[in-house]
Amino acid sequence: MDSRITLVEGDITRQRVDAIVNAAKESLLGGGGVDGAIHRAAGPELLAECRTLGGCPTGEARITKGYNLPAKWVIHTVGPVWRQGGANEDALLTDCYRSAFALAARHGIRSIALPSISTGAYRFPIERAARIAFSEAEKHLAGNDQFKSVVFVLFGAKAYEIHSSVHARLAGSARER
Ligand code: APR
């Protein structure tokens, strides 16, 4: 795996990076989980800017300023709700990461922190989501020297452990190739 990809356990709102990614809902008008934490930390101006965006379809991404956050930007993406795998969930989650990285690239963002999109309220299986997240990050970084760091911020020890073991497995299989 690319050494610019790292994992930390913690709260994404505290990350000192150019941009943090939000796991939002289609209205972009705030919710619980990581979305609630980001809105609380950024302050009410974030919701005011989100209201001007007219929502965001699942798999796409939108960018706003970070207001009171240490991060300059927030990239809001909407993950799929897990429906037992028969509703194109893998492809939609792939699209989320792809859209977020593409938007970051267009804004000259060099460091980005991401949560585990869809694995909370939207119930996407976490290990399966981690494989998609790492493989999209890896694809995006290949041949791209704009990004200096991609940090996956995992909330809680269990999420961190699962992501670490998926990361180690992918790194191991990449070495064998
Ligand atoms: N920092 C990092 N990760 C966090 C934080 C935080 N402060 N708070 C929660 N998380 C983690 C959760 O533990 C989970 O692994 O973010 C992951 C995504 O969970 P959710 O926030 O529930 O997001 P998601 O599953 O994509 O569901 C989106 O939830 O809050 C609503 O408005 C949101 O309707 C949307 C839905």
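Strand β2, which spans residues 19-24, is mostly covered in this predicted model: five of its six residues are buried. On one flank, β2 pairs with strand β4 (residues 73-78) in the parallel sense, over six bridges. If you want a place to look, find Ile20, which stands opposite Val74 in β4. β2 also pairs with strand β5 (residues 111-114), again in the parallel sense, over two bridges. Here Ala19 has Ile112 in β5 as its bridge partner.

Now for the sheet that holds these strands. Which order do its six strands follow? The order is β1-β6-β5-β2-β4-β3, in an open sheet with mixed pairing. At the edges lie β1 (5-9) and β3 (61-65), each pairing on one side only. From one strand to the next, the twist averages 25°. Edge strand β1 runs parallel to strand β6 (residues 149-154), and five bridges join the two. Within that pairing, Leu7 stands opposite Phe152 in β6.

Here are three of the facing residues mentioned so far, side by side.

| Residue | Facing residue | Strand of the facing residue |
|---|---|---|
| Ile20 | Val74 | β4 |
| Ala19 | Ile112 | β5 |
| Leu7 | Phe152 | β6 |

Next come the nonpolar cores. In soluble globular proteins, nonpolar side chains tend to be buried together. The largest nonpolar core in this structure has 34 residues. Ile75, Tyr97, Ile109, Ile112, Val150 and Phe152 are the ones with the most contacts inside that core. Ile112 and Phe152 will look familiar: Ile112 is the bridge partner of Ala19, and Phe152 sits opposite Leu7. Val150 makes a good guide to its surroundings. Leaving aside neighbours within four places in sequence, Val150 is in contact with Arg4, Ile5, Thr6, Phe101, Ile112, Leu114, Ala137 and Leu141. There is also a second, separate core of 17 residues, which includes Ile12, Val17, Ala71 and Val153.

A glutamate is worth a visit too. Glu136 has its place in helix α4 (residues 126-141). Is Glu136 buried or exposed? Its relative accessible area is 5%, under the 20% cut-off, so Glu136 counts as buried. The side chain of Glu136 makes a polar contact with the side chain of Arg98, at 3.4 Å. Apart from neighbours within four places in sequence, Glu136 is in contact with Thr94, Tyr97, Arg98 and Phe101. Tyr97 also appears among the residues with the most contacts inside the largest core.

What about the cysteines? A disulfide is a covalent bond between the sulfur atoms of two cysteines. A search of the whole structure finds zero disulfides. For Cys56, the nearest cysteine sulfur is that of Cys96, 8.0 Å away. The cut-off for a disulfide is 2.5 Å between the sulfur atoms, so Cys56 is in no disulfide. Cys96 is likewise in no disulfide, with the sulfur of Cys56 as its nearest. Cys56 is buried, with a relative accessible area of 3%, and Cys96 is buried as well, at 0% relative accessibility.

To finish, turn to helix α5 (residues 157-176), where Glu176 lies. Glu176 has 72% relative accessibility, over the 50% cut-off, and therefore counts as exposed. How far apart are Glu176 and Val8 in space, C-alpha to C-alpha? They are 26 Å apart, while 168 residues separate them in sequence.

Key: Residues are numbered from 1 along each chain as its sequence is written. This is a predicted model: local features need pLDDT of at least 70, side-chain atom pairs count only at pLDDT 80 or more; totals for chains, interfaces and linings use all residues. Side-chain values use heavy atoms; hydrogens and water are left out. A nonpolar core is a set of buried Ala, Val, Leu, Ile, Met, Phe, Trp, Tyr and Cys residues joined through side-chain atoms within 4.5 Å. Buried means under 20% relative accessible area, exposed over 50%, partly exposed in between (1.4 Å probe, protein chains only). Contact means heavy atoms within 4.5 Å. Two strands pair if DSSP finds at least two bridges between them. Helices (H or I, at least four residues) and strands (E, at least two) are DSSP runs, numbered from the N terminus. Axes are lines fitted to C-alpha atoms, for helices over the stretch in contact, and angles run from 0 to 180 degrees between N-to-C directions. A polar contact is a pair of N or O atoms within 3.5 Å; within protein, one must be able to donate a hydrogen and the other to accept it, and residues adjacent in sequence count only if both atoms are side-chain atoms.
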